[in-house]
Amino acid sequence: MVLEMKVPSPGESITEVEIATWLVEDGDYVEKDQAIAEVDSDKATLELPAEASGTITLKAEEGDAVAVGAVVCHIDTSAAKPEGDAAPKEETKETAKPEAAPAPKAVETKTYATGSASPAAKKILAEKGIEATSVSGTGKSGRVTKEDAVKAVPSMGTPTGGSRGTSRSKMSMLRRKVAERLVEVKNTTAMLTTFNEVDMSPIFALRNEYKETFKSRHGVGLGFMSFFTLAVVRALKMYPAVNSMIDGKEMLTYDFQDISIAVSGPKGLMVPVIRNAENLSFRGVESEVKRLALRARDGQITVDEMTGGTFTITNGGVFGSMLSTPIINPPQSGILGMHNIVERPVAIDGKVEIRPIMYVALSYDHRIIDGKESVGFLVAVKEALENPTELLMDNDVKKALEL
C-alpha cells in the first residue's frame, strides 16, 4: 500500500509552507514518527514526522513552497525493512578510453609593440609600481597609451587586491514573512517612539543580595526580564489603551496581559508569548522566559506559542545596543525596547554620581495611543524599575521572590 503524505496545517491562517530541509533521501526506509523534513511556515520551523513505516519517495524539492494539504511524499508501507547494510556492489571494470587530445591553445598574436608603453604611460606606471607588460594596451600594435596607464591606476576608494566574491541564497519563508510584516507596519501604522532612561541601581542591589538564594531555591536566575515584565504589566493596567489593538473600525482592549518576548533563534528572531503575565511572580516569569528561550534556541517553538500577545518586550542590550526605535509587532500597538546598561554621570540631589543607566524606548501606534498615554506609560515603567521594592514587591522582597 502506498500512503500519500500531505502537509498538515501548522496553525490558523497558514496556507502554505516551504520545504526547508529533507532529513531523508529518496528511496530511504523510514520508521513511523521519524522526522523526515523540516518545513518553514511564516511563523516557525517545524518538523514533519513520517505517518507510517516504509520506503519513501519524495515529491517536492528543498526550497519548494507547497500548499497545506498538498502531497509531499509517498510511503510504500508494504516494503520490508532492510536487514543490515546492503552488500557492496561489484565494481564494474570499464575499458580505458583513450584520452582526448588537448584542445589547441589560442595563439596570442604579439608584435614588436606588445608590452611597450609610451614615455608618459611609463612614468605613470613606474610611479605606481605597475609593470607595462601587465597592462593591456589599446594603442597601435598593442602599445600601452597614457590613457591605458591612467585607467590601470586605481583611483581613491577603488578596492584592489582583495576578494570580490559574492554569494546568493534564498530567504526562508519565515524571513520573507518578517520582512513583509515590518514593511507593512511602517506603511499602515502611525508609529512614533518616545524615550526615557532608567537608573538600574535598585535592581542591581536586589539582584546582588538575593540572586544566589533565588537561584538555589528556584533553579533559575533572577534576571532583568522579570522586573521589566512585571513593570510593563503594572503600566498596562494603568494605561489600557497601550494594551489595545485596532480591529477594523473598532478598538479591542484586553483585560489580560500576554507579553511577547523577542528572542534570537537559529532561524532568526522569534517572539513567543508569556500568557497571563499578570498572574505570574518573579519566579514564574523567569521560569517561563527560560523555557521559551530554550525552545526557541533548539528550534522546538510552536506556532501556538508565538500566536497572540498584547504587548512586546525586546532586549537589544544583549547585543550591545545603546538606543534604538523598535518596530511594533502587529497587530499589537506597543513595544518596549531595552538597551545596554552603561555607567553614566547623573545629577542626584545636586551632586554628580555615577549610576548604571539604561535607555528605554516605547514605540506605539499613534492612531489609538495619544502622546499623554505613551509618555505616562513609559514613566510608569521607569518608576516601577527605580522603586521595585515598593511598586513591584509590595515592600516585602522575600515574599515577592518566594524565599
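These legends go with several close-up views of a predicted model.

Local features here need pLDDT of at least 70, side-chain atom pairs count only at pLDDT 80 or more, and totals for chains, interfaces and linings use all residues. Residues are numbered from 1 along each chain as its sequence is written, and side-chain values use heavy atoms, with hydrogens and water left out.

**View 1. The whole protein chain, with its ten helices and 19 strands.** Helices (H or I, at least four residues) and strands (E, at least two) are DSSP runs, numbered from the N terminus. Of the 403 residues, 37% are buried, that is, under 20% relative accessible area, while exposed is over 50% and partly exposed lies in between (1.4 Å probe, protein chains only). Take the contacts (heavy atoms within 4.5 Å) with a separation of 6 or more: 64% of them link residues 24 or more positions apart. About 23800 Å² of the protein chain is exposed, with carbon and sulfur atoms supplying 51% of that; areas come from the Shrake-Rupley method with a 1.4 Å probe, and for residues only the protein chains shown count as cover.

**View 2. Helix 1, residues 119–128, and its two sides.** Ala 121, Ile 124 and Leu 125 are the buried ones to look for. They span an arc of only 95 degrees around the axis, so they sit on the same side of helix 1; the arc is taken from the directions from the helix axis to the C-beta atoms. Flip to the other side and you find Pro 119, Lys 123, Ala 126 and Glu 127, which are exposed. Helix 2 (146–152) is part of what covers the buried residues. Right after helix 1 comes Gly 129, with a positive phi near 70 degrees.

**View 3. An open sheet of four antiparallel strands.** The order is 1-8-6-3, where two strands pair if DSSP finds at least two bridges between them. Strand 1 (2–6) and strand 3 (29–30) are the edges, each with a single partner strand, so one side of each has no neighbour in the sheet. Strand 3 is joined to strand 6 (residues 54–58) by two bridges, and Tyr 29 has Thr 55 as its bridge partner there.

**View 4. A nonpolar surface patch of about 280 Å².** Phe 195, Met 322 and Leu 323 make it up. Patches are made of residues with over 30% relative accessible area and no salt bridge; like charges are joined within 9 Å, nonpolar side chains (Val, Leu, Ile, Met, Phe, Trp, Tyr) within 5 Å. A salt bridge is a side-chain nitrogen of Lys or Arg within 4 Å of a carboxyl oxygen of Asp or Glu. Leu 323 sits in the loop between strand 16 (311–315) and strand 17 (334–338) and is partly exposed, at 42% relative accessible area.
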